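Here is a small set of exercises to work through with the coordinates open. Try each task before you read its solution.

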Amino acid sequence: MVALVRRNINNIWDAKEKRFCHPGFETTDTYTKALSMVSMYFENWIIPKECDPEKTLLENRVARLSDYFEAACIAGPWIADATFDTKLKSKYKNLCSLCDNSASCYTGDKYYGRDGAILCLTDNVGDIAWVRLDDVLQYFKNVEANKEDYAYLCPDGMTRSAKTDNPCIWLRQPWPVIVARNKVAEMAVNMIDLTINSKNVWKNTLQDLLAPYHSTFVKTESLESPTDYLRRYPGFLSANDRATCQPSRRVRWCVSSDIEDQKCRWLREASFVYGIEPVISCIQESNRISCLEAIRDQRADIFVSRPEERLEVSKKRLKPILQVTSNKKNDFNRIVAIVKSNSVFKSFKDLKGAKACFTGYESWNSFVTIMKNISKDNWDCSSVKAVGNFLGDSCVPGILSVKNIDAPRNLYSLCTTDMNVDDDINTLSCLTSGRADVVFVNLKNVRKEINISNTESSNLTNGKYRILCAKETEKGKEEEMCSLTWTTLGAVVAHENITDLRYSEIYSMLLSMDQLFGTNTKGYTSAFSLYGIYDDHQNVIFPVSNNNFFYPTLNETR
């Protein structure tokens, strides 16, 4: 990476109040994306750190660029959220004023990206451009341009003519390398070298496994540690050294197990390298309830809660700020009532005196809501008492542990010792064994057990079981109409008094993580998998569906 300037800049102090050509905060180019924070390195070198407590870290970055440069073109999204992006660009218009279309300042702009930043400079629109050296050399090779008009701005504050064969470099990114444990390193080198240089038909397969992109393998002269290797590249290790604001803006992320703590720490390191701010700090508690209490007591900032913990979230006066959702319809949690196909129960009113099994709060609350709507004024103020009077022998797991509730005996008389909260399969066995007349379960978790799909209305029954609907259904809307309620896969919760500024900061941080680490990509392997299997474990911090091809996303709650 180099800073190419016009001849009106003779030293680093001349850069102030000049016109800046920037390739963009976010690009689709893998090389640049992997070094997305290199522009921050340059900015931090020449512009004093700004820590206005009334602005998010991102806005502080944008504000200091706006104050330092007279004008700029930083096309493309500054943040993935379009609303926030528009607000920032409206407030700091001079950072879009050099763009070919200053009103839009978007990805398609003439001066967006690697080539765009060079054009911005050579079209005499800007005075200084932050660009890749190979792009500069290729430009001068392809285009007749007078190199005398340009120079390289150097980290020592001086400039060097663009005609030089020894340009001053701000940062170099190392080539990808193959690493191995010390004990097997020499053996690995010999094996790879022997295979790549052989005529074996499967050498290309090995090459693809080691590097899923077109590459040439170069044998190192000597084996060295990763740190020694990285020291060869000026600026690379120090690129991660950046001043932090005081008081700290770090986000304390609560986790409840050793495996979650390990994943959280990996996420922290990966996010830091990619320049995601604020930096996260992993706070481990002994269990999930303790994490919710840590948020309540403001010893932690965020926690990824599960649907069955919504009652605890509400009790502790916490606030969901993001929902964990899926683009797949089947992956939402849908609470339904299931009866046998030959059951005499045709509606919820028919369930008077029926034996029922619930999975816990989610399914219980869904049933109570439906019955309140049906019964209108004929429903007791105490839902526990009303359900106890309405149903026969039943099982509501965990009802005896709820404080200040005197549960009628028939609401737990069907429970067995292995009836746990949120155990849909065990709850379903109440029906399949004949102990209960109706069960309230998460349809997603029991589909395979009862062979009910959601593709056709006829499939809401499979000959043995059917879903009891609260009202008559319209064709094509059967599952939505027959679902008592639906919930997302989880939620990121925070303290109820979280400020708008703090919310915005955490939201943009999680959005960046979601973009970088939350999807499957072809070619380069992602540095981290936010939602995937971690160390052979599923559902670590974030929920994962029963199949391995599912990745959730984060959606704004506010």
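A disulfide, as used here, is a pair of cysteine sulfur atoms within 2.5 Å. Please keep in mind that the model is predicted.

**Exercise 1. A disulfide from strand to helix**

Task: Apply the cut-off to Cys21 and Cys120, then find the handedness of the disulfide and the elements that the pair ties together.

Solution.
- Step 1: The sulfur atoms of Cys21 and Cys120 are 2.1 Å apart and form a disulfide.
- Step 2: The torsion about their S-S bond is about -65 degrees, so this disulfide is left-handed.
- Step 3: Cys21 belongs to strand β2 and Cys120 to helix α5, so the pair ties together parts that are 99 residues apart in sequence.
- Step 4: Both Cys21 and Cys120 are buried.

**Exercise 2. Further disulfides**

Task: How many disulfides does a search of the whole structure find? Describe the pair Cys154 and Cys168, then the pair Cys264 and Cys282.

Solution.
- Step 1: The search of the whole structure gives nine disulfides.
- Step 2: Cys154 and Cys168 form a disulfide with sulfur atoms 2.2 Å apart. The torsion about the S-S bond of Cys154 and Cys168 is about -80 degrees, so the disulfide is left-handed. This pair links distant parts of the chain, with Cys154 in the loop between β5 and β6 and Cys168 in the loop between β6 and α7 (185-196), 14 residues apart. Cys154 and Cys168 are both buried.
- Step 3: In the disulfide of Cys264 and Cys282, the sulfur atoms are 2.1 Å apart. The link is left-handed, with -95 degrees about the S-S bond. Here helix α10 (residues 258-273) holds Cys264 and strand β8 (residues 280-284) holds Cys282, 18 residues apart.
- Step 4: To judge burial, use the cut-off of under 20% relative accessible area. Cys264 has 0% and is buried; Cys282, at 10%, counts as buried too.

**Exercise 3. Reading the sheet**

Task: In what order do the six strands of the open sheet lie, and which strands form its edges?

Solution.
- Step 1: The order of the open six-stranded sheet is β3-β2-β4-β1-β5-β6, and its pairing is mixed.
- Step 2: β3 (71-74) and β6 (159-161) are the edge strands, each pairing on one side only.
- Step 3: From one strand to the next, the twist averages 25 degrees.
- Step 4: Now take the pairs of strands. β2 and β3 pair in the parallel sense over four bridges, and Phe20 stands opposite Ala72 in β3. β2 and β4 are also paired in the parallel sense, over two bridges, with Cys21 opposite Ala129 in β4.
- Step 5: Strand β1 (residues 2-6) pairs with strand β5 (residues 150-153) in the antiparallel sense over four bridges. Val5 stands opposite Ala151 in β5.
- Step 6: Finally, add the helix. Helix α5 (residues 113-122) lies across β1, β2 (19-22), β4 (128-131) and β5, and runs at about 160 degrees to β4. Helix α5 also holds Cys120, the partner of Cys21 in β2.

**Exercise 4. Sorting the aromatic rings**

Task: How many aromatic pairs does the structure hold? Classify the pair Tyr139 and Phe140 and the pair Phe358 and Phe440.

Solution.
- Step 1: The structure holds 25 aromatic pairs.
- Step 2: Planes under 30 degrees apart count as stacked, and over 60 as edge-to-face.
- Step 3: For Tyr139 and Phe140, the ring centres are 5.8 Å apart and the planes stand at 70 degrees, so the pair is edge-to-face. Tyr139 is buried at 17% relative accessibility, and Phe140 is buried at 11%.
- Step 4: For Phe358 and Phe440, the centres are 4.6 Å apart and the planes lie at 5 degrees, so the pair is stacked. Phe358 sits in strand β12 (residues 356-358) and Phe440 in strand β14 (residues 438-442), so placed that the pair links distant parts of the chain, 82 residues apart.- Step 5: Phe358 is buried with a relative accessible area of 0%, and Phe440 is buried with 0%.

**Exercise 5. A ring cluster and a charge**

Task: Which residues do ring pairs link into a cluster together with Phe20, and over which ring does the charged end of Arg61 sit?

Solution.
- Step 1: Ring pairs link Phe20 with Tyr41, Phe42, Trp45, Tyr68, Phe69, Trp130 and Trp170 into a cluster.
- Step 2: Phe20 also appeared in the sheet, opposite Ala72 in β3.
- Step 3: The charged end of Arg61 sits over the ring of Phe25, 4.1 Å from the ring centre.

Terms used:
Residues are numbered from 1 along each chain as its sequence is written. This is a predicted model: local features need pLDDT of at least 70, side-chain atom pairs count only at pLDDT 80 or more; totals for chains, interfaces and linings use all residues. Side-chain values use heavy atoms; hydrogens and water are left out. Two strands pair if DSSP finds at least two bridges between them. Axes are lines fitted to C-alpha atoms, for helices over the stretch in contact, and angles run from 0 to 180 degrees between N-to-C directions. Contact means heavy atoms within 4.5 Å. Rings of Phe, Tyr and Trp (its six-membered ring) pair if their centres lie within 6.5 Å; planes under 30 degrees apart count as stacked, over 60 as edge-to-face and the rest as tilted. Buried means under 20% relative accessible area, exposed over 50%, partly exposed in between (1.4 Å probe, protein chains only). A charge sits over a ring if NZ of Lys or CZ of Arg is within 6 Å of the ring centre and within 35 degrees of the ring normal.
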